[in-house]
Amino acid sequence: MLKVGLTGGIGSGKSAVAARLAERGAFVVDADRIAREVVAPGTEGLGEIVAAFSDRVLDASGALDRAALGALVFGDESARRRLESITHPRVRGRTAELVAAAPADAVVVNDVPLLVEVGLAPTYHLVVVVQTAVDTRLERLARGRGMPPAEARRRIAAQADDGRRRVAADVVLHNDGSLDDLHTAVDALWRDRLVPYERNVRQRRAVFPPRVAFTEADPTWAEQYARLAARIRHAAAPAEPRLDHIGSTAVPGLAARNVIDIQLTVGSLTEADGPLADRLADAGFPRVHGSRWDAPGPGDDGRRQERLHGSADPGRPASLYLRLAGSPSWRQALLTRDHLRAEPDQRAAYLRSQRELAAGAPDDGEFATSGEPWFDEERLRAQEWAARTGWRP
């Protein structure tokens, strides 16, 4: 099962995206609909709201008057939090019931207006944000809901802004064009990313680029790492392992293969091979098996001192190394990163040497730096730098 979080500001067209995904075959869970169900007449949820805010929030038929309730809570932080303490646990509980009832091979799309605001992003395999210019949203709200401009602006201001949503987004769907344009983008997302991603999660299969390809430095690599790391931490909870962004994408300004390298520190191989491995696979980071990773390596005392997991997301390749705290490979990954961050000349030479190795790499894109003269010399330079500067991992 693939869990996708879908969000966007009021008037962005998020519901149109959800509807199109449902047409493609997604199992859509609408948080707004659930929020209405849990406060319907006769429910405990509505009873608690009335107890908290009085019967002024009821209409003539005894149902919740959302406009009246909105007038009380919008702009009042304490009132909003009181309302959320009543509704959010009920929405989460009902959502969990619906997701549990979905087929094992489903792409479950959870349509959540306040996904970013309540910090739900790490609970999904992928977060999709629908983004639309504010002026377009205001026009849509006036035309479709009859909402006065001042009220619409107040509602927009009460939600996360576009910048905050972009940081949480794995995918941004721009919806400033026609409905046909939006459908084309959604169809491509479904075909090229969501369907294969679900299959990869279900089959415990990681995805790596077929060949080594270097790209110019991407200033969003750090943000992309942060999103992946948040999912890994969520999968590892209640444990709180150390996670580090390593490799070339962790060095600002350095061209690199577009693969996010992550190091997760473990206390033992038993820990790496235990329930944590399954939780990581369920979260979209299955273990990578094969002769290179299952055979003993130099100094491994008959067993490898690390485990490799990869990303099941075809749109975001990543390598997740589970390494023993204090082991040589654990320390070297951190030292190399920090040395390259500190020494511009070494960054340039490192990239030249990487490119030379990549040019002769096999089709599977794998190449090793161990035994290569420049990289062996770089390890010595890094050790000298560490001693000179007092570096610690």
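This report describes a four-stranded sheet, a helix lying across it, two residues and the nonpolar cores.

The model is predicted, so local features need pLDDT of at least 70 and side-chain atom pairs count only at pLDDT 80 or more, while totals for chains, interfaces and linings use all residues. Residues are numbered from 1 along each chain as its sequence is written, and side-chain values use heavy atoms, leaving out hydrogens and water.

**The sheet**

Helices (DSSP runs of H or I, at least four residues) and strands (runs of E, at least two) are numbered from the N terminus. In general, strands of a sheet pair through backbone hydrogen bonds, either parallel or antiparallel. Here an open sheet is formed by four strands in the order β7-β9-β11-β10, with mixed pairing. Two strands count as paired if DSSP finds at least two bridges between them. The edge strands, β7 and β10, each pair on one side only. On average, neighbouring strands are turned by 25° against each other, direction ignored; axes are lines fitted to C-alpha atoms, for helices over the stretch in contact, and angles run from 0 to 180 degrees between N-to-C directions.

| Strand | Residues |
|---|---|
| β7 | 243–246 |
| β9 | 260–266 |
| β10 | 306–310 |
| β11 | 318–324 |

Strands β10 and β11 run antiparallel and are joined by five bridges. One bridge partner pair is L308 with Y321 in β11.

**The helix and two residues**

Helix α14 lies across β7, β9, β10 and β11, at about 50° to β7. Q332 sits in this helix, which spans residues 328–342. Q332 is buried (under 20% relative accessible area; exposed is over 50%, partly exposed in between, with a 1.4 Å probe and protein chains only), because its relative accessible area is 17%. Leaving aside neighbours within four places in sequence, Q332 is in contact (heavy atoms within 4.5 Å) with R379 and Q383.

D261 belongs to strand β9. D261 is also buried, yet has no salt bridge, meaning a side-chain nitrogen of Lys or Arg within 4 Å of a carboxyl oxygen of Asp or Glu. The nearest side chain of opposite charge, R257, is 5.4 Å away; Lys and Arg count as positive, Asp and Glu as negative, and His and the chain ends are not counted.

**The cores**

A nonpolar core is a set of buried Ala, Val, Leu, Ile, Met, Phe, Trp, Tyr and Cys residues joined through side-chain atoms within 4.5 Å. The largest has 23 residues, of which I232, I262, L264, L280, L320 and L322 touch the most other members. Helix α10 gives the most to this core, with seven residues. Apart from it lies another core of 22 residues, among them L2 and V4.
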